[in-house]
Amino acid sequence: MNPKSTRLLLLLALGLVVGSSHRPAHLPQATPPNIIFILTDDQGWTSLSSPMDTGVPESASDYYETPNIDRLARAGMRFTRGYAPAAICSPTRRSIQFGQTPIRQGDEEFPARYRPGGQAPRSIPQVLKAIDPRYRAAHLGKWDFRAELVPEQVGYDLSDGDTRNGNGNLVQVKGDKWDEHYLTEDPKKINTLTERAIAFMQKQTSAQVPFYLQLSHYATHVNMETKQATLDHFSKKKAGKRHSNPAWAGMLFDLDTGIGEILDEVEKLGIADHTYIFLMADNGAVEFLPPVKNRLDHPSKFKEPMRNYPLRGGKWVLYEGGIRVPFMVMGPGIKAGSQCEVPVIGWDLLPTFAELAGGTPMPEKGRDGGSFVALLKNAGQGPVNRPVQDFYFHRYNAGYPHSAIISGNDKLVHFWKTGKTELYDLENDKGELVDLSTRNPAKAKALDARLLNYIKQHNPGLLTAYTKKSQPKEKPED
């Protein structure tokens, strides 16, 4: 071989070595899936035109129409016992983002504990980006952490900022919000949010990068806003026994239309085979329109059925109507039209998203949730490996403070001002009509002890807060 050829080969070899030294140490082998999470506001378990439990006909509305959410359920899996982490919005939203119970997170302590640069656990986008740095994340719509914390500070690339209920309202009102309605072509900013979400999806798809999109709608929280045509449709429709307000029905239908546009765009972009779409509500629907003050009373005390019937109660209380919500998922590998009876909850979402993205299904230290990917892949059958299987709830900042534990089909509610406990069998009494605490005092005592032990372990201040003469001041209900 002549000297020139030798030098050329050496240069080529050197070039290959130098080139390879600039390649990253780890290249993801496959593009992980896109994840779209649609979070609705104050949407009750019985607010769909199809049943949330196919074995319970009353779990469908007798007036509302939600053809696109029904379509999502038909294409995927509905969870008959899907729970919000709280009976009001802010603790639910915080819980979902970090995979922890509101009891562990605290309420007034939350802003200091989860400040940027502190010791807070990683959020959903931070976990996904640690699994694959190509992920891009957007949070659009209602944030409402009430913590001087914006989505970009926990890993989102795009957001609407520190938004609250007022950001979604056409008119700012207080006193008449349960009686009045407002007409607009962009009710609760549904159109605006949908357009922004679609633009984000298109951009990431064009760039061929995976994305996480959380679309947190302002609907169906009051104020009641809807389009004229939608209002006209429901004004002509025969009222139901539980649902009858045409403005509320119109707002829900307008929300459903926006959700349908998201489903359509997934198809148009050709990404349905690697995109998961989750939908749940932040808490149950208001028990009556307008709401009542005696919402903790037994259902027999009211002349009309509650809006969440056959469930008891609604927003603001820890009976099933306040925390059991629409919960469904569609995506690759999920059996169409399937139904899962296994209880899941909002703090399970983070570990579920992580496993779908290729991460470990085992939760990080300090989490309460567990991945339910096994349920999605096996027609609703399989384990959910949480650090603690029981669900723990607490109602912060209320004139009627109470906590609850759900363990399998058993549920105990503890009222702090009176010390009273109530025990229910959710398998045979989902309406929580028969208190079994006096019939089975041993079980009530054991569940109450587990509830108090969890609180003592993760937020001991709650155990003393309600024994002081000056109890926490009730905040205005939202």
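## Loops and helix packing in a predicted model

D144 sits in the loop that joins β4 (136-141) to β5 (158-159). Before going further, please keep in mind that this is a predicted model.

**Backbone details in the loops**

D144 has a phi near 55°, a positive value in a residue other than glycine. R146 also has its place in the loop between β4 and β5, and its phi is near 50°, again positive in a residue that is not glycine. Both are worth a look, because most residues other than glycine have a negative phi. Are D144 and R146 buried or exposed? D144 has a relative accessibility of 0%, so D144 counts as buried. R146 comes out at 34% relative accessibility and therefore counts as partly exposed.

A second loop, between β9 (275-281) and α10 (320-323), holds P290, and P310 lies in the loop between β9 and α10 as well. What is the geometry of the peptide bond from L289 to P290? That bond is cis, with omega near -5°. The bond from Y309 to P310 is cis too, with omega near 15°. In general, most peptide bonds are trans.

A third loop, between β7 (211-216) and β8 (224-226), contains N223. With a relative accessible area of 1%, N223 is buried. Leaving aside residues up to four places away in sequence, N223 touches N169, V171, V173, K177, Y182, K188 and M251.

**Two partners of helix α9**

Two packed helices are described by the angle between their axes and the distance between the axes. Here are those values for the two pairs that involve α9.

| Pair | Angle | Axis distance |
|---|---|---|
| α2 (67-75) and α9 (246-268) | about 45° | 7 Å |
| α7 (190-207) and α9 | about 10° | 10 Å |

The angle of about 10° for the second pair makes α7 roughly parallel to α9. On the α7 side, the contact is made by I190, T194, A197, I198, M201 and Q202, and on the α9 side by M251, D254, L255, G258, E261, I262, E265 and V266. By class, this contact of α7 with α9 has eight nonpolar, three polar and three charged residues. M251, listed here for α9, is also one of the residues touched by N223.

How is α2 oriented to α9: oblique or parallel? At an angle of about 45°, α2 and α9 are oblique to each other. Here P67, N68, I69, R71 and L72 of α2 meet F253, D256, T257, I259, G260, L263 and D264 of α9. Sorted by class, the contact of α2 with α9 has six nonpolar, three polar and three charged residues.

**Helix α13 and its two faces**

Helix α13 (residues 441-458) has 18 residues; at 1.5 Å a residue they should span 26 Å, and the end C-alpha atoms are 26 Å apart, so the two agree. Which residues of α13 are buried? They are A444, L447, D448, L451, Y454, I455 and H458. These buried residues cover an arc of only 120° around the axis, which means that they are on the same side of α13. The face turned away from that buried side carries the exposed residues A442, K445, K456 and Q457. The buried residues of α13 pack against two helices and several strands, namely α4 (102-105), β13 (391-394), β14 (402-407), β15 (410-415), β16 (421-425) and α14 (461-465).

Notes. Residues are numbered from 1 along each chain as its sequence is written. This is a predicted model: local features need pLDDT of at least 70, side-chain atom pairs count only at pLDDT 80 or more; totals for chains, interfaces and linings use all residues. Side-chain values use heavy atoms; hydrogens and water are left out. Axes are lines fitted to C-alpha atoms, for helices over the stretch in contact, and angles run from 0 to 180 degrees between N-to-C directions. Helices (H or I, at least four residues) and strands (E, at least two) are DSSP runs, numbered from the N terminus. Angles under 35 degrees count as roughly parallel, over 145 as roughly antiparallel, 65 to 115 as roughly perpendicular and the rest as oblique. Contact means heavy atoms within 4.5 Å. Ala, Val, Leu, Ile, Met, Phe, Trp, Tyr, Cys and Pro count as nonpolar, Asp, Glu, Lys and Arg as charged, and the others, Gly among them, as polar. The expected span of a helix is 1.5 Å times one less than its number of residues. Buried means under 20% relative accessible area, exposed over 50%, partly exposed in between (1.4 Å probe, protein chains only). The arc is that of the directions from the helix axis to the C-beta atoms.
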